[in-house]
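Please open the structure in your viewer and keep the selection panel at hand, since each stop below begins with something to select.

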Amino acid sequence: MNHIVAVEQFERLWVEQLFVEAERMRSVFRAEPVLPRYILATLFYEPSTRTRLSFESAMLRLGGQVISTENAREFSSAIKGESVEDTVRIIAGYADAIVIRHHEQGAAMRAAAVSPVPIINGGDGPGEHPTQALLDFYTIWSELGQLDDLTVALVGDLRFGRAARSLALLFRLTQRSELIFVSPEAVPMGADVRRALDAAGVRYRDERDLGKALAVSDVVYQTRIQKERFATQDEYRQARGIYTIDRQSLDLLPARAIIMHPLPRVDEIAPEVDADPRAAYFRQARNGVYVRMALLAQLLAPSNG
Ligand code: CP
């Protein structure tokens, strides 16, 4: 596997092997520097805290180095009209791999089509966020010890939320799972994801009552309403604040269930939930470093990773 652009590339065995490696990365205080003199470029046209910094942390922990442009929409030559393709062709001469986040769906695929070095999709508009899905899946595996036979409620903005879309698609690699889509009417899970789940035989259903979904779920995956993707502020206001997780929600949730969120959160999980041991979202964010370490090691130094 050279480029990482969409979860449809992943196979179950590959994912499980990656998790074993991520687990090893987690267990050692300082990983072996398997990527000395390798350079990772992070090319971000949209804001990020976790994806960019965890990739950079992962690369540095593996002994590699990082070059970076945050806010590439303004501070790279994109502002002068340079295409993503040309920018990637140039950066490929400076770095051994490129993590790209872009506001347009499909941009990572376009970058991969012209890049001689691995392209990693760090989120392409409302499209996909495949490495987020990997770390989410790793978190489920690590917290619950299983990937099959799970009931998972995906809550919030399922139309524009690329993390939820990618995670749903990754459940094609599982057996006997059920996905419950709990979303405001304006932002349902897309028909493309539903078609892919149908083709793979993954059960899913829509549920308007969050309480009913909480009561039967092993995993509750809450997401932010993606303010930046709405055409008007009115549409955004109609979709926000409908599904929130608070202290009362915890009473409905099974004892062994976990609450996840790709973060950042706004108001969809109350801070009072953070202290509950089932709140896994900060552990989930930390897992991003281990999974991305394993991924970079495999992409750039497969004999070591
Ligand atoms: N989960 C995630 O993609 O977070 P950032 O936008 O901070 O990278």
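The tour goes from the whole chain to the ligand and its surroundings.

This is a predicted model, in which local features need pLDDT of at least 70 and side-chain atom pairs count only at pLDDT 80 or more, while totals for chains, interfaces and linings use all residues. Residues are numbered from 1 along each chain as its sequence is written, and side-chain values use heavy atoms, with hydrogens and water left out.

Begin by colouring domain 1 (7-128 + 288-304) and domain 2 (130-284), into which the protein is divided, the bounds coming from an automatic or database domain assignment. Their centres, taken over C-alpha atoms, are separated by 25 Å. The contact between them (heavy atoms within 4.5 Å) takes 32 residues from domain 1 and 27 residues from domain 2.

Next, select the ligand and the residues around it (those with a heavy atom within 4 Å), which are Ser-48, Thr-49, Arg-50, Thr-51, Arg-101, His-129, Gln-132, Pro-262 and Leu-263. This shell draws at least three residues from each of domain 1 and domain 2.

Now look at the polar contacts, which are pairs of N or O atoms within 3.5 Å. An oxygen atom of the ligand is 2.7 Å from a polar backbone atom of Thr-49, and for Arg-101 an N or O atom of the side chain is 2.9 Å from a ligand oxygen. At Pro-262, a polar backbone atom is 2.8 Å from a nitrogen atom of the ligand.

Note on methods. Polar contact = N/O pair within 3.5 Å; in protein donor to acceptor, adjacent residues only side chain to side chain.
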